[in-house]
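Here is a friendly walk through one protein model, written for someone who likes to think about side chains. Keep the structure open beside the text and follow along.

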Amino acid sequence: MKDTTAPATASACARPALALRELRARTGPSMAALAERTTYSKSSWERYLNGKQLAPRQAVEALCTMAGEPPGRLLALWELADGEWSGRTGGPPHPAEPDQRPGRHAGLRGWAAVGVAACVVGAAVAATWVAILANTGSKDSAAHEASSTAPPSPACHARGCVGKDPGLMGCGTPARVRAL
């Protein structure tokens, strides 16, 4: 029977899984024992040891502690793999499955896109308000200009104007003269 647990490539993601499998084989705990002695389930350990999913750093540390193994070498392999899984090292990301780390980061990218869209909408709303306020201001200033260029109100009314000069009283301007 073919061993399907062996990694297909020697990528950085496969090396921690291989090292974890070797450590487990040397120390001998079963999947059930790993699940009992750590906070990770049997199915999680199966994914970690077969390279289907990158083991969390704490799982690597837990297995090293159980085996009495100094964690330095395995954690260094884990750091390299974590960089590859997350895409931080610039290498190709591991093929994504629904329960793998790239899916988690895809959610963050989705939220980033929502944030960018909110900023764009906010900028459009702000620009609209600026345009509205600018137009309102120009209408107010046009009304102010019209009122400042309009002839002054007459200084007298009705019988109080008898004998007074209409030009001096503001009655003689073209806008104030009424046709009879």
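Please keep in mind that this is a predicted model. After helix α1 comes G28, a residue with a positive phi, near 85 degrees. Helix α1 itself covers residues 14-27, 14 residues in total. From its first C-alpha to its last α1 reaches 20 Å, close to the 20 Å expected at 1.5 Å a residue.

Which residues of α1 are buried? They are A14, P16, A17, A19, L20, R21 and L23. These buried residues pack against three other helices: α3 (42-49), α4 (57-67) and α5 (72-86).

**The chain as a whole**

Stepping back, the protein chain has seven helices and zero strands, so reading from the N terminus gives α-α-α-α-α-α-α. The chain has 180 residues, and 24% of them count as buried. Its exposed area is about 12000 Å², with carbon and sulfur atoms supplying 63% of that. Take the contacts between residues at least 6 apart in sequence: 45% of them join residues at least 24 apart.

**Aromatic residues**

The whole structure holds three aromatic pairs. One of them is Y40 with Y48, an edge-to-face pair with 5.9 Å from centre to centre and 75 degrees between the planes. Y48 also pairs with W45: here the centres are 5.8 Å apart and the planes lie at 75 degrees, so this pair is edge-to-face as well. W45 and Y48 both sit in helix α3, three residues apart, which puts about one helical turn between them. In general, an α-helix has 3.6 residues a turn, so residues three or four places apart point the same way.

Together, Y40, W45 and Y48 make one aromatic cluster. Are its members buried or exposed? Y40 is buried because its relative accessibility, 15%, falls under the 20% cut-off. Y48 is buried at 6%, and W45 is buried at 0%.

**A nonpolar patch on the surface**

Another aromatic residue, W129, belongs to helix α6 (residues 101-149). W129 counts as exposed, with 51% relative accessibility. Along with I132 and L133, W129 makes a nonpolar surface patch of about 340 Å².

**Salt bridges**

The count of salt bridges comes to four. Among them are the following, with the N to O distance for each.

| Salt bridge | N to O distance |
|---|---|
| E46 and K52 | 3.1 Å |
| R57 and E61 | 3.4 Å |
| E79 and R57 | 2.5 Å |

Where does the bridge between E79 and R57 reach? E79 lies in helix α5 and R57 in helix α4, so this pair ties together parts that are 22 residues apart in sequence. Because salt bridges that share partners are joined, R57, E61 and E79 form one network. Within that network, R57 and E61 are four residues apart in helix α4, with about one helical turn separating them.

How accessible are these residues? R57 is partly exposed at 28% relative accessibility, and E61 is partly exposed at 29%. E79 counts as partly exposed too, at 40%. As for the bridge between E46 and K52, E46 is partly exposed with a relative accessible area of 26%, and K52 is partly exposed at 38%.

Definitions and conventions. Residues are numbered from 1 along each chain as its sequence is written. This is a predicted model: local features need pLDDT of at least 70, side-chain atom pairs count only at pLDDT 80 or more; totals for chains, interfaces and linings use all residues. Side-chain values use heavy atoms; hydrogens and water are left out. Helices (H or I, at least four residues) and strands (E, at least two) are DSSP runs, numbered from the N terminus. The expected span of a helix is 1.5 Å times one less than its number of residues. Buried means under 20% relative accessible area, exposed over 50%, partly exposed in between (1.4 Å probe, protein chains only). Contact means heavy atoms within 4.5 Å. Accessible areas come from the Shrake-Rupley method with a 1.4 Å probe; for residues, only the protein chains shown count as cover. Rings of Phe, Tyr and Trp (its six-membered ring) pair if their centres lie within 6.5 Å; planes under 30 degrees apart count as stacked, over 60 as edge-to-face and the rest as tilted. Patches are made of residues with over 30% relative accessible area and no salt bridge: like charges are joined within 9 Å, nonpolar side chains (Val, Leu, Ile, Met, Phe, Trp, Tyr) within 5 Å. A salt bridge is a side-chain nitrogen of Lys or Arg within 4 Å of a carboxyl oxygen of Asp or Glu.
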